[in-house]
Structures are given as structure tokens and as C-alpha cells.
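Trainee: Before I trust the labels in a description like this, I'd like to see each one tested. Can we go through them together?

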Amino acid sequence: MSYTLKPKLLLLKPQKIVCSINAIRKHYSDYEIKNLADNISAVGIIEPLVVIENNTGNYELVSGYKRLKAALFLGLRRVPCTLIDAKSEDIAFISLSENINRTSLNFFEEAESIKQIITYFNITNSVAAQKLGIPISVLLSKLTLLKLDENSKERIINGGLSERHAKVVLLIPENKREEFLDRIIKEELNVAKTKELAEKILLYGDTPPSETAEEKFEEIKPFRKSAIGDARLFANSLTKLIETMKSSGVEAISKRTETDKHVEYKVRIMKPTAENYSQLKLV
């Protein structure tokens with residue numbers, strides 16, 4: 001993405017600056033605007049707003065929406081602006097990039113903004129990733145967040161959870177997400193613990209999230225004495241467990257070794273990574 005900065009700083013009347021329909025911005029509360037206005041009253045506007053000149057000779061805002069609102073609140077006669085020469089498509093990405101860098105958008109708002117730009121300008125995901133300066137895999141991962149329902153999104157943000165938490169929540173079947181979110185928010189689980197909890201739910205299906213893997217195995221511990229000596233029963237149970245894990249998208253491998261004295265089974269379960277989490281089947 002490239003644009004040209006013109007060599008002069010403009011002082012424009014804030015009432016004369018219109019918001020571009022392509023500009024991505026967050027809705028700020030009156031409290032936030034008032035706080036910024038107090039700061040501007042003390043030190044002024046440190047960083048100029050960014051504007052473009054449209055075909056009618058008017059100025060459209062590219063970035064600095066919050067500063068513009070604060071200037072209007074204060075009744076400032078003029079505000080410092082930097083004029084740039086850019087295509088409308090680039091304007092949207094400039095505005096989005098600024099909001100991301102300023103953390104003015106949460107990760108759901110960021111993903112929604114990216115989706116809106118892609119749809120509005122009918123561009124590919126690759127082009128959007130290039131303009132934002134991020135790998136295509138990162139962009140696609142962000143867009144995947146939009147698959148969460150509005151209630152889950154709201155709970156994740158209000159619960160102070162991270163984008164990585166949200167990606168783990170996506171793995172959980174919809175009918176179990178409410179309970180899953182209750183647990184990780186109440187216990188303030190970090191991402192690693194959240195992943196562990198998700199793995200247990202995916203492995204054991206209807207097992208309550210509060211039940212540990214050890215408790216699960218304790219339930220099946222008492223076998224009939226007549227069955228204990230039947231090695232085939234254990235072999236069949238192990239095979240069924242491996243098949244269940246594989247059908248859930250968990251990579252598991254078993255190996256059988258037999259000697260004159262014993263039969264040995266080894267099971268290897270691969271830990272899900274950030275790359276293969278999205279490939280897990282939800283059951």
C-alpha cells in the first residue's frame with residue numbers, strides 16, 4: 001500500500017471535515033471523548049488528523065475520528081491535518097491500520113472491518129493481507145473469529161479474554177460453549193489451561209468440563225475378575241479408544257509389541273498446535 005504525503009500541514013475547520021464512508025472507526029462513548037478533550041485542552045492535538053481532498057474540493061477524514069470528535073466537543077476553530085493522496089481502497093486500509101496500531105479496535109471489530117473492506121472493494125484475501133502487511137494465514141485466522149455467535153463474542157470481550165482464547169472457543173461445539181466460557185472466565189484460565197480443557201471436552205464428548213481425565217478413567221476402573229485375564233478385551237478397548245480419538249480429529253498412534261513373556265502397547269497422542277487446531281472435528 002502506498003500513498004503520497006503532500007508537503008504542507010493544513011489547519012482546517014473541524015466542521016468542514018466529513019467522515020469518509022470507507023473509513024473504519026469505532027463508536028466512542030461520551031466519557032472517552034470527554035477524556036481526550038481534557039487532554040487536548042492541556043497539550044493540544046499532538047498528532048494531526050489525516051485527510052484527503054475529494055472531487056468536490058472538500059476534505060474527508062481518513063484517520064483521527066476520536067480527535068475530530070473531541071475538537072468538535074471543545075469548539076476548536078481549527079485542527080491540524082495532514083493531506084494525503086490515496087485511492088479510496090487504500091484509505092480504508094490506512095484507517096484500519098491506525099485503529100489496529102492504536103488498539104482502538106478489539107479483535108472482533110478488527111476482523112469485521114477486514115471483512116467489510118474485502119466485500120466492499122471486492123478484493124481477495126491475499127490482496128487484503130498484503131495491504132495490511134500480515135501473512136495470509138493470519139488474516140484467515142482473524143476472519144475465522146467471525147464464526148462465533150454474538151453472545152460468545154460479547155462474553156469473550158467482557159470477560160477480558162484474548163484473541164487466542166477466542167480461537168480455542170471456536171473448537172467447542174455450540175451447545176457447549178456457554179458452559180465452556182463460564183468455566184474459563186470464572187477460573188481465569190490462561191490460554192494453555194483453556195486449550196487443555198478444550199482437549200478434554202473434544203476427547204470425552206459429554207464429559208462435564210469440571211471432570212478431569214483421571215476421574216474419567218477412575219469410573220471404568222472396576223472390571224470383572226473374569227475379564228481381567230482376557231487380554232483381547234483390553235486390546236479391543238484400546239483400539240476403540242484410538243478410533244474415537246481419531247474421529248475427533250486427534251492424531252493418535254498405537255504400537256503393539258509381543259514377546260514370550262508379555263504383550264506391550266504404546267500409544268502416542270500428538271498435542272494440538274495453533275496450526276492444526278482448526279482441523280479438529282467438533283463432535
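**Testing the labels**

Mentor: Let's start where α10 begins: a side-chain oxygen of Asn190 comes to within 3.2 Å of the backbone nitrogen of Ala192. Keep in mind that this is a predicted model, where local features need pLDDT of at least 70, side-chain atom pairs count only at pLDDT 80 or more, and totals for chains, interfaces and linings use all residues. Residues are numbered from 1 along each chain as its sequence is written, and side-chain values use heavy atoms, with hydrogens and water left out.

Trainee: How do you know that α10 has the span expected of a helix?

Mentor: The rule is 1.5 Å times one less than the number of residues. For the 14 residues of α10 (191-204) that should give 20 Å, and the end C-alpha atoms are 20 Å apart, so the two agree.

Trainee: And how does α9 do on that test?

Mentor: α9 has 13 residues and reaches 19 Å from first C-alpha to last, close to the expected 18 Å. Just after α9, Glu188 takes a positive phi of about 50°.

Trainee: What makes Glu110 buried or exposed?

Mentor: Buried is under 20% relative accessible area, exposed over 50%, partly exposed in between (1.4 Å probe, protein chains only). Glu110 is at 10%, so it counts as buried. Glu110 sits in helix α4 (residues 107-121), and its C-alpha is 8.1 Å from that of Lys142, 32 residues away in sequence.

Trainee: Which residues of α9 are buried, and what do they pack against?

Mentor: Lys176, Arg177, Phe180, Leu181 and Ile184 are the buried ones. They pack against α7, α8 (163-169) and α10.

Trainee: Why are α7 and α9 described as they are, parallel or antiparallel?

Mentor: α7 (residues 150-158) and α9 (residues 174-186) pack at about 0°, with their axes 11 Å apart. Under 35 degrees is roughly parallel, over 145 roughly antiparallel, 65 to 115 roughly perpendicular and the rest oblique, so this pair is roughly parallel. The contact (heavy atoms within 4.5 Å) involves Asn151, Ser152, Arg155 and Ile156 of α7, and Arg177, Glu178, Leu181, Asp182 and Ile185 of α9.

Trainee: How many aromatic pairs does the whole structure have, and why is the pair called stacked, edge-to-face or tilted?

Mentor: The search finds one aromatic pair. Phe107 and Phe108 form it, 4.8 Å centre to centre with 55° between the planes. Centres must lie within 6.5 Å; planes under 30 degrees apart are stacked, over 60 edge-to-face, the rest tilted, so this pair is tilted. Phe107 is buried at 14%, and Phe108 is buried at 7%.

Terms used. Helices (H or I, at least four residues) and strands (E, at least two) are DSSP runs, numbered from the N terminus. A polar contact is a pair of N or O atoms within 3.5 Å; within protein, one must be able to donate a hydrogen and the other to accept it, and residues adjacent in sequence count only if both atoms are side-chain atoms. Rings of Phe, Tyr and Trp (its six-membered ring) pair if their centres lie within 6.5 Å; planes under 30 degrees apart count as stacked, over 60 as edge-to-face and the rest as tilted. Axes are lines fitted to C-alpha atoms, for helices over the stretch in contact, and angles run from 0 to 180 degrees between N-to-C directions.
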